[in-house]
Amino acid sequence: LGCGGRSIGMLILPLLIFSLFGIQIHKISGHHRHIASTAPLSRLQARGKLGFGGGVTHRLTRFGSSQCQQTHPIRFASRDVLSLKAMEMSAEVTPQADSSDSGSKGASDRSSSTSAQLSEAEELAAKHSALGLVAAAACTPHPAKVKKGGEDAFFFRSSLNGGSIGVADGVGGYSEYGIDPGMFSRTLMLQTAEKDAQDCEESVDPARALQTAQDLTMLPGASTAVVLQLNGTAKAMKFANVGDSGIRVIRDGAIIFASEPLMHSFNCPYQLAYKRLAPNAQTVTSDAQTGEVAVQPGDIIIAASDGVFDNLFDEDLVKIVKTYIGEDNGNTEGSFSIAKSTAEAVASCASSRSMDPEYLSPFAKAKAEQQEGGFFNFRSPIGGKPDDITVVVAKVVQGGVAGAEAEVKQSNQAWEMAKASTLKLLEGSEDIARATQEALGAAESAGVIKAAPPAEKPKKKAEAPVGKQVYAQSQVDAMDKTQLRTALQKLGLPTSGKLAALRQRLLDYRE
């Protein structure tokens, strides 16, 4: 037997004892985090496995989600044990930002920017004093997952008024059953992005967008997820989170908001899944943590998978942001370049730390706390946690500023390119979804699983009226209820109903 590259033949007897008594232990080492015991089909349930050894355990990352409260009680406990020297960022991990990308331009550049004429969209944003987001993302797959692009996913939508970002992290344990965890997480994020785009002009409701996406992701697998949407006029960021990825909001070199994970147990986060396959899976409506955070221009919002937060402390993130933001936090110019450089630096630093066997990572510290006093606690864990690493960085900007529209456009072009790559990785997923529905139908017919409730029939679209309109809109609007009923009676039309229905009935009549 081997675990983490270490021989543990001496543990065969304990393993046999556990096997004889039928005790299942969640896997906490190897390359997968465990699947929550939510799937009704035995093949989708995690088998009990033991992991031993002093090295830090691994699990495939997912674009996780996180819960929003203060600071992570596991990742940041006993932080004072680490010396400041051990926490210093090396120049190799966080290279200095190029001055051309930092957004810190000279005074002449700023004066020319402020005196420039606003575009129509910028004028509209200025009229409402709206805040927007300019976002960018960076991904570094687990070394063993590079060819298939990892199992994380993301989306972002930059805007002069509002904006949104999201991260999902496919549960790696499903790969043991021949299921690509990345299929679920990528589809989940694309569905969320589509719902977000449909609703962005009407409402800011990340929970509704994510719940709709869960319902439409009809694939085997599971994922954690976190979605954030900015209400630009209210200057508040709303979020919905399920699982163990995270959110950080950084202002003036300090973290003003940090999320916490939603976990069943150590290394077993809350997970979203297709409910027909996993009726007991978490849902956004019932299990997500939701809330909002007031923001202002210059704030940096970070949403990332657990691959970032398992390998970097909050101090690391603040140092990276300071390197690329500088002192001019509120400057809109260069916002996309700043977001992109910051995201790449965070991903690079987390990846470097994850492969360091001597680094006392947040994950190693959390595991040590879990093992404290345990029977198989041979030595304290140490080392980074190799994982998929995905981070979306968004800068809060004043939408009604000259040049802001160009930054937003540049960001959204980057998302369109990332979306095209995601769609390419999802080739074949429609066939899998179709096969899944067929298998579920057969299982329901055989009584193996409970039949799904009948789908609601889509409402039939009303056909456009044909012929000459008898009454104009202005005429109908001027009529009271009695006049409307009189006119309808003359035409031989029903006269019952509310005022709005009577008016519409009269407008729809054609000769």
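A salt bridge is a side-chain nitrogen of Lys or Arg within 4 Å of a carboxyl oxygen of Asp or Glu. The exercises below use a predicted model.

**Exercise 1.** Show that Lys340 and Glu344 form a salt bridge, and work out how they are placed in helix α10.

*Solution.*
- Step 1. Check the distance. The two side chains meet at 2.8 Å, N to O. The cut-off is 4 Å, so the pair of Lys340 and Glu344 counts as a salt bridge.
- Step 2. Place the residues. Both sit in helix α10, residues 335-354, four residues apart. That spacing is about one helical turn.
- Step 3. Check exposure. Lys340 has a relative accessible area of 35%, so Lys340 is partly exposed. Glu344, at 37%, is partly exposed too.

**Exercise 2.** Find how far apart in sequence the salt-bridge partners Asp299 and Arg251 are, and which elements hold them.

*Solution.*
- Step 1. Start with the pair. The side chains of Asp299 and Arg251 meet at 2.8 Å, N to O.
- Step 2. Locate each partner. Asp299 lies in the loop between β14 (289-294) and β15 (300-304). Arg251 belongs to strand β9, residues 246-251.
- Step 3. Draw the conclusion. The salt bridge ties together parts that are 48 residues apart in sequence.
- Step 4. Is Asp299 buried or exposed? Buried means under 20% relative accessible area. Asp299 has 0%, so Asp299 is buried.

**Exercise 3.** Describe the salt bridge between Asp431 and Arg434, then place it among the others in the structure.

*Solution.*
- Step 1. Their side chains meet at 2.4 Å, N to O.
- Step 2. Both residues lie in helix α13, residues 429-445. They are three residues apart, about one turn of the helix.
- Step 3. Asp431 is partly exposed at 45% relative accessibility. Arg434 is partly exposed at 47%.
- Step 4. Widen the view. The whole structure has 13 salt bridges. Asp306, Asp310, Lys385 and Asp387 are linked in a network of them.

**Exercise 4.** Describe the largest nonpolar core and the contacts of Leu188.

*Solution.*
- Step 1. Count the members. The largest nonpolar core has 45 residues.
- Step 2. Find the best-connected members. Ile165, Leu188, Met189, Leu228, Met237 and Ile301 touch the most other members.
- Step 3. Find the main contributor. Helix α5, residues 181-199, gives the most, with six residues.
- Step 4. Look at Leu188. Beyond four places in sequence, its contacts include Ala168, Leu210, Thr217 and Leu272.
- Step 5. Look for another core. A second, separate one has 34 residues, among them Ala130, Ile300, Phe309 and Phe336.

Definitions and conventions: Residues are numbered from 1 along each chain as its sequence is written. This is a predicted model: local features need pLDDT of at least 70, side-chain atom pairs count only at pLDDT 80 or more; totals for chains, interfaces and linings use all residues. Side-chain values use heavy atoms; hydrogens and water are left out. A nonpolar core is a set of buried Ala, Val, Leu, Ile, Met, Phe, Trp, Tyr and Cys residues joined through side-chain atoms within 4.5 Å. Buried means under 20% relative accessible area, exposed over 50%, partly exposed in between (1.4 Å probe, protein chains only). Helices (H or I, at least four residues) and strands (E, at least two) are DSSP runs, numbered from the N terminus. Contact means heavy atoms within 4.5 Å.
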